[in-house]
Each structure stands twice: as structure tokens, then as C-alpha cells.
Amino acid sequence: MLVFVIRRLVWAVLLVAVITLITFVIFLGIPNNSIGSRQGLVAPNLQAQWHLEHHSLLGKYGLFLDHVVVHGDLGSSLRQPLTVRQILSSAVPVTLSLVIGGTLLWLFLAFPIGLLSALRPRSLLDKGLMIFVLVGVSAHPVWIGLMLSYFFGFKWHLFPVGGYCDLRYNPTKLCGGPRYWAFHMVLPWITFALLFAALYARMVRASVLEALGEDYVRTARAKGAGSWRLLRRHVLRNALLPVISMLGMDVGLAFGGAIFIETVFDLPGMGQVLYKALASNDQPVIMGVALVVGIAVALANLAADVAYCWVDPRVRLRGGGWARAPVLRRRQAAAQTKVTVSPG
């Protein structure tokens, strides 16, 4: 287990290095001298901020790594009197609240729907649940957010129409604390969850149906295992494998969907930051968002690999010496058997 985690950690570090290289080539490696001459700037461009003008391309990359990786300096915004680090430090918790809460909610919806549909395939319950989740994935998140905001917020006054409250209570702000934070995030979480619930519900349904037809499940049922024990011990663990694989890859798509949801509900997250930076051509902020999202995707894939290894212990044995040793022992035993039974 430890060797597998270390190996994946090394690959994650290499992936982050590739992300920084691509980001450097896009934002600093390609010459662009027109940015610093535009009106409305409150800070020079990154070339001037980091004194990169009179260095070679390799020297620029070394200075880039020194500022970004070593010191955590992402530069200053061209349009606001703030550093990129200050802007992102206030936006990242909002987006993390949306993404993590929405992910937990869509998994909470997808697993019961997928299990019920798999246990009653082609029934009215199966078709009704699939239609329910397919409506969510077919509609645009802006439309879903506006409908939820209109009915549950404006018309029925059950939840706030928009805005964000910090998780920690701050007397200088209008609202704060876990209760008001969750109260303001209910509608964004539902909107976010409906984007992915249908995909994961169908994935869970297909995985459970496939697992129910396996030989080991029929053997366990023949030995007298109950339905709940059969699902918990034999079916659900195998149904988790494709879900874990997809979760690591869907983080990037989740940040993309967060842009629309944060716009509808007026959440000051990274989606709003990126939208404003793109509109004003604030390249340091755009670069900072790209780096943070890229590193988040790399860390999410690392967490997915570790979780996959925990759910399926066979993964940590594949491709290594531990996997080859049993094979060699089986081959030696087969060879000895052939020698023993051979005539003469």
C-alpha cells in the first residue's frame, strides 16, 4: 500500500510540473508586449513584475518556478489593487464549498437511485427514477438555478435567492456561521448535483446489474446470504470502482459547471473571478485560476487512485514484483506436477 501511494505521489508531482510548464509557455513563454500598454492598469504585467524581460526562456522559467512554487507568488492583478493570491484565497473556499457539497449530494442521490433501478430493472420505478435524473442532466445549469431560485427563493421564500455566508462567523459581516452557510448553499448544491446525478446513477445501475450476474454473487446467494449482506459485501464494493475512477476525472468539469452556478446565485467563487478576469483581460488572475484548477485536478486524481487501491486491494499488486511472485510459484508448481505424472 505504501509503495503504491508513493508511486502515485511521484506521478502527481510530475503532473504538477507539466501543468506549471504548460502554464508558463501559454502566459509567459509566448511574447506579448501589448498588455502593459493598455489603459486602466493598476500594476505592470507579469514580465515587469517578476523582472523577466532580459532573461532567456530557460531563465524565465526558473524565475517563474521560484515565484510560483517556492514563494507562492502569483503576481498582482492588472485591474485591481490586490495580489492574485489575495483574490484566490477569498474565492477558493466558496468554490470548494460548492464542489464538495454538490459532489456529496449527487452521490447521495445517485447511489439510492442506481441501486433501486438495478434491483427493479425495466420496472415503472426504474423508468421513473431515470426520467427524473435525466431531466437534470439535460437542462442547462443556468436554467435549473434560475427555476430553483424563482420558486424556492422568490416565490415560496424557503431559501435565499443568492449570496454567500462564510463558514466562520465574523461580526463585521452580515451573516456567517455553519447554519447560515449551509442555508445559503442548499440551492447551489441542488443545482450542481443535478448536473452529475444522472450520469452516476446510470453508472451505479449498470455496475450493480453486472455484479449481480457474476458467479461469486450467485454462489453467495446459493449459500444463503441475505439480500442486504449480498449488496453490502459483494455488490457495492465492485459498484464503487467506476464511480471512484470518474470522480477523479470530473473535477475539471465540476469547476466548469461552477462558473454558471456561481453566476446565477451570485457566489464570489473562482468561477466569478475567472469570468471577470476574462472580461478585463487580467492575465495574472487567469493564470492563477488555471494553476489552481490544474493542481486541484492532479490532487483529485491522486485521491481517486488511493481510494481505488483501498476499495480494490488487487490494484496495488498489479505490475509489480508482488504480482509476479504468485505467478512464478504457480508455474513452478505446474512444472513439478508435469514431471511427477510424466511416464517413465
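A salt bridge here is a side-chain nitrogen of Lys or Arg within 4 Å of a carboxyl oxygen of Asp or Glu. With that rule in hand, a search of the whole structure, which is a predicted model, turns up 3 salt bridges. Let's start the tour with them.

**Stop 1: the salt bridges**

Select R8 and D305. Their side chains meet in a salt bridge, 4.0 Å from N to O. This pair ties together distant parts of the chain: R8 sits in helix 1 and D305 in helix 12 (residues 283–311), 297 residues apart. R8 is partly exposed, because its relative accessible area is 31%. D305, at 29% relative accessibility, also counts as partly exposed.

Next, pick D126 and R205, whose side chains form a salt bridge at 2.8 Å, N to O. Here too distant parts of the chain are linked, with D126 in helix 5, R205 in helix 7, and the two positions 79 residues apart in the numbering. Is D126 buried or exposed? D126 has a relative accessible area of 5%, so it is buried.

Now move to D215 and R218, a salt bridge with an N to O distance of 2.2 Å. Both residues belong to helix 8 (residues 215–222), and they are 3 residues apart, about one turn of the helix. D215 is exposed, with a relative accessible area of 51%, while R218 is partly exposed at 43%.

**Stop 2: inside helix 7**

Select T191, which is found in helix 7 (residues 178–212). T191 is buried, because its relative accessible area is 0%. Add L146 to the selection: its C-alpha atom is separated from that of T191 by 9.4 Å, and the two residues are 45 residues apart along the chain.

Stay in helix 7 and choose L187. L187 is buried as well, with a relative accessible area of 2%. Which glycine should you pair with L187 for a C-alpha to C-alpha distance of 8.7 Å? Pick G153, which is 34 residues away in sequence.

**Stop 3: the contacts of Q49**

Go to Q49 in helix 2 (residues 46–49). Q49 counts as buried, because its relative accessibility is 18% and the cut-off for buried is under 20%. Show P44 and S76 alongside. The backbone oxygen of P44 lies 2.5 Å from a polar atom of the Q49 side chain, and the side chain of Q49 also reaches the backbone nitrogen of S76, at 2.7 Å.

**Stop 4: two positive phi angles**

Step along to H51, in the loop between helix 2 and helix 3 (57–70). H51 is not a glycine, yet its phi is positive, about 55 degrees. H51 is exposed, with a relative accessible area of 57%.

Then jump to R122, in the loop between helix 4 (84–119) and helix 5 (124–138). Its phi is near 60 degrees, again a positive value in a residue other than glycine. R122 is exposed, with a relative accessible area of 67%.

**Stop 5: two surface patches**

Switch to a surface view and select L2, I6, V10, W11 and L14. Together, L2, I6, V10, W11 and L14 make a nonpolar surface patch of about 540 Å². V10 is in helix 1 (residues 2–29) and is partly exposed, with a relative accessible area of 46%.

Finish by selecting R229, R232, R233 and R237. What do these four arginines form on the surface? R229, R232, R233 and R237 gather in a patch of positive charge. Of these, R237 is found in helix 9 (residues 227–249) and counts as partly exposed, because its relative accessibility is 40%.

Note on methods. Residues numbered from 1 in each chain as written. Predicted model: local features only at pLDDT ≥ 70, side-chain atom pairs only at ≥ 80, totals over all residues. Heavy atoms only, no water. Patch = residues over 30% accessible without salt bridge, like charges linked within 9 Å, V, L, I, M, F, W, Y side chains within 5 Å. Areas by Shrake-Rupley, 256 points an atom, 1.4 Å probe, with all protein chains shown as cover. Lys, Arg positive; Asp, Glu negative; His and termini not counted. Charge placed at Lys NZ, Arg CZ, Asp CG, Glu CD. Helix = DSSP H or I, 4+ residues; strand = E, 2+ residues; numbered from the N terminus. Buried < 20%, exposed > 50% of the residue type's maximum accessible area, 1.4 Å probe, protein only. Polar contact = N/O pair within 3.5 Å; in protein donor to acceptor, adjacent residues only side chain to side chain.
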